[in-house]
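This report describes selected aromatic and surface features of a single structure. The structure is shown first, and the description follows.

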Amino acid sequence: MSGDRRDPREEQVRRMLDGPHPVLPPDLAMRAVRHGGRRLRWRRAVRRTVGWALAVALVAFLVWAGVEQPWATEPAQVTPPLEGW
């Protein structure tokens, strides 16, 4: 194998990287900062909403468990006392 043969895709990438680069808009950095800020606020809001929903679900479960007491066993069914002996 000769060492001068290259992959055509690699050559195409090299030509793209060596060629003229597109001109970037002057406000690109500001738009990126605004977009990042919106995304950060959105993530915070989602996290906060999920946290509140989990807290409400926990309180509802604790209230239900306190009222129903699912860990308590039902009283045994016993024979009623005999009367008239």
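**Aromatic pair**

With a relative accessible area of 47%, Phe61 is partly exposed. The model is predicted. Trp64 also falls in the partly exposed class, at a relative accessibility of 44%. Both values lie between the 20% bound for buried and the 50% bound for exposed, and the residues are therefore classed as partly exposed.

Phe61 and Trp64 belong to helix 2, which spans residues 28-68. The two are three residues apart, about one turn of the helix. A pair of aromatic rings is described by the distance of the centres and the angle of the planes. The count of aromatic pairs is one. This pair is formed by Phe61 and Trp64, with 5.8 Å centre to centre and 35° between the planes, and is tilted. The tilted label applies because 35° is neither under 30 degrees, as for stacked rings, nor over 60, as for edge-to-face rings.

**Positive surface patch**

Arg34, Arg38, Arg39, Arg41, Arg43, Arg44, Arg47 and Arg48 form a positive surface patch. One of these residues, Arg38, is located in helix 2. Arg38 is partly exposed, its relative accessibility being 47%. This value is over 30%, so Arg38 meets the accessibility cut-off for patch residues.

**Nonpolar surface patch**

Trp42, Val46, Val50 and Leu54 make a nonpolar surface patch of about 430 Å². Within this group, Val50 lies in helix 2. The relative accessible area of Val50 is 45%, which places Val50 in the partly exposed class.

Definitions and conventions. Residues numbered from 1 in each chain as written. Predicted model: local features only at pLDDT ≥ 70, side-chain atom pairs only at ≥ 80, totals over all residues. Heavy atoms only, no water. Phe/Tyr/Trp six-rings, centres within 6.5 Å; stacked < 30°, edge-to-face > 60°. Helix = DSSP H or I, 4+ residues; strand = E, 2+ residues; numbered from the N terminus. Buried < 20%, exposed > 50% of the residue type's maximum accessible area, 1.4 Å probe, protein only. Patch = residues over 30% accessible without salt bridge, like charges linked within 9 Å, V, L, I, M, F, W, Y side chains within 5 Å. Areas by Shrake-Rupley, 256 points an atom, 1.4 Å probe, with all protein chains shown as cover. Salt bridge = Lys/Arg side-chain N within 4 Å of Asp/Glu carboxyl O. Lys, Arg positive; Asp, Glu negative; His and termini not counted. Charge placed at Lys NZ, Arg CZ, Asp CG, Glu CD.
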